Amino acid sequence: MRSRSQAPRTPSDSLETGHPASSVKEGSRHLAARLDDAWLRFQTRLAIRRGHVVTVVPHTGYGTTSWVRVLARVVRSDPRDIGNSGNDSRRPLTEGMRGWRNFTSAPVAHAAVRITVGGEVHDVEADRGGVVDARIPANLAAGWHKVSLQSGESDVVEAPVQIVPDDADFGLISDIDDTVMVTALPRPFLAAWNTFVLNEHARTPTPGMAVLYERIVRSAPEAPVLYLSTGAWNVAPTLSRFLSRNLYPAGPKLLTDWGPTTDRWFRSGREHKEGSLERLAEEFPHIKWLLVGDDGQHDVAIYTEFAQRHPENVCAIAIRQLSVGEAVLAGGRSSDAGPTPGVPWIYAPDGAGMSDQLEELGIITSGPRPTELPGEDVPGGAE
């Protein structure tokens, strides 16, 4: 069975979610968007001359027993970067590849993508950055599944998706930068170095956070774990390898596009986080989320406002306190949290401190360490 689907659209971002560029008058578009289109045309011509092939980069998705959100990105990549054995055949970027290679791969704007879910084929369209973000009807049992994706004559790849049980009432949403890994992202030089030069081996995990998340998942084995970040989709493979190597639970990463929009030079990272939280509250109205972030950027304000709007969807907020040096690199500390009646806050500099306080709140339980960590056998390595 074949159906036609498209990525979700928002009124203020129609060009980025699948409309052809020709649908907007050239003169009315922001200079940044026109420059970005020119750069994309140059990238594409250069990639074609170099023999780069259309490749689908699969990302971990999620859904319920009646629908699934499929995430991926379509780029032109060097055939030498495509693995040819085992899981590597599903990865367009080789192990240890520097971040800059992810950013120089030309996206395939408005690529047509075939997605196979439970034996049914759906045709979707990527946005102008090659990003596929499609909500597709499905009939899948709770647990982990794989969906197949192909664009044109590209290789067929598989993306893992986590189907949340209908009766799930708890989940974890975690920031990434300065929460699960120490980054100093706001400082321009270090941000560029971490993104374009270093690979996942050179990034530093936050002490105790992987153990904390393992305890959370052990306490609620069917709880969804989502990683929410202002990072670009280009670095998703590197982030996935970092999380896997440091034994974090497998889960979808909700990232964004650093490119310009039709009316501004850069997208708003804060708006991305706020919109993602609102979407999750709508998609999972019965889930109470544990929100984990840090006090170096906007997490405190974002979580405060979300808890005030949706107290029924928040069980607690955990904030990692940055060291003095980290706070300086992050541009200072955020302001104090506002009132959130019924929603407890905890603060600690590491995962061990958070773990003790969450145990006191009854959110996690104590017990022996399992022989197998959550997510180790989950196909999250497809990214």
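Here are some exercises with worked solutions on the predicted model shown above.

**Exercise 1. The chain as a whole**

Task: Find how many helices and strands the protein chain has, and what share of its residues is buried.

Solution: Start with the secondary structure, which comes to 9 helices and 17 strands. Next, turn to burial: of the 383 residues, 52% count as buried. Then look at the contacts with a separation of 6 or more, where residues 24 or more positions apart account for 74%. Finish with the outside of the chain: its accessible surface is about 16600 Å², and carbon and sulfur atoms hold 54% of that.

**Exercise 2. Checking the span of a helix**

Task: Work out what span helix α6 should have, and compare it with the distance between its end C-alpha atoms.

Solution: Helix α6 covers residues 269-283, which makes 15 residues. The expected span is 1.5 Å times one less than the number of residues, so α6 should span 21 Å. In the model, the end C-alpha atoms of α6 are 21 Å apart, in agreement with that value. While you are at this helix, pick out its buried residues: His272, Lys273, Ser276, Leu277, Arg279, Leu280, Ala281 and Glu283.

**Exercise 3. The buried face of α9**

Task: Identify the buried residues of helix α9, say how they are arranged around its axis, and find what they pack against.

Solution: Within residues 351-360, the buried ones are Gly351, Met354, Ser355 and Leu358. Looking down the axis of α9, you will find these buried residues within an arc of 105°, so they line one face of the helix. The spacing is easy to follow: an α-helix has 3.6 residues a turn, so residues three or four places apart point the same way. The partners of the buried residues of α9 are α4 (209-219), β15 (288-294), β16 (314-320) and β17 (345-348).

Now inspect the two ends. At the N-terminal end, aspartate 350 acts as a cap, with a side-chain oxygen 3.3 Å from the backbone nitrogen of alanine 352. Just after α9 comes glycine 362, whose phi is positive, at about 80°. Isoleucine 363 also sits in the segment after α9. Leaving out residues up to four places away in sequence, isoleucine 363 touches Phe170, Ser219, Cys315, Ala316 and Leu358. Its C-alpha atom is 9.4 Å from that of phenylalanine 170, although 193 residues separate the two along the chain.

**Exercise 4. Nonpolar cores**

Task: Name the residues of the largest nonpolar core that touch the most other members, then follow the contacts of isoleucine 216.

Solution: This core has 61 residues, and those with the most contacts to other members are Tyr213, Ile216, Tyr248, Leu290, Leu291 and Ile317. Take isoleucine 216: beyond residues up to four places away in sequence, it touches Phe170, Leu172, Leu290, Leu358 and Ile364. A separate second core has 23 residues, among them Val70, Val113, Ala134 and Ala138.

**Exercise 5. Two residues with positive phi**

Task: For aspartate 178 and leucine 247, decide whether each is buried, partly exposed or exposed.

Solution: Begin with location. Aspartate 178 is in the loop between β10 (170-174) and β11 (181-182), while leucine 247 is in the loop between α5 (236-245) and β14 (253-256). Phi is near 65° for aspartate 178 and near 65° for leucine 247. Now apply the cut-offs: under 20% relative accessible area is buried, and over 50% is exposed. Aspartate 178 has 4% relative accessibility, so it counts as buried. Leucine 247 has 37%, so it counts as partly exposed.

Note on methods
Residues numbered from 1 in each chain as written. Predicted model: local features only at pLDDT ≥ 70, side-chain atom pairs only at ≥ 80, totals over all residues. Heavy atoms only, no water. Helix = DSSP H or I, 4+ residues; strand = E, 2+ residues; numbered from the N terminus. Buried < 20%, exposed > 50% of the residue type's maximum accessible area, 1.4 Å probe, protein only. Arc of directions from axis to C-beta. Contact = heavy atoms within 4.5 Å. Polar contact = N/O pair within 3.5 Å; in protein donor to acceptor, adjacent residues only side chain to side chain. Core = buried A, V, L, I, M, F, W, Y, C linked by side-chain atoms within 4.5 Å. Areas by Shrake-Rupley, 256 points an atom, 1.4 Å probe, with all protein chains shown as cover.
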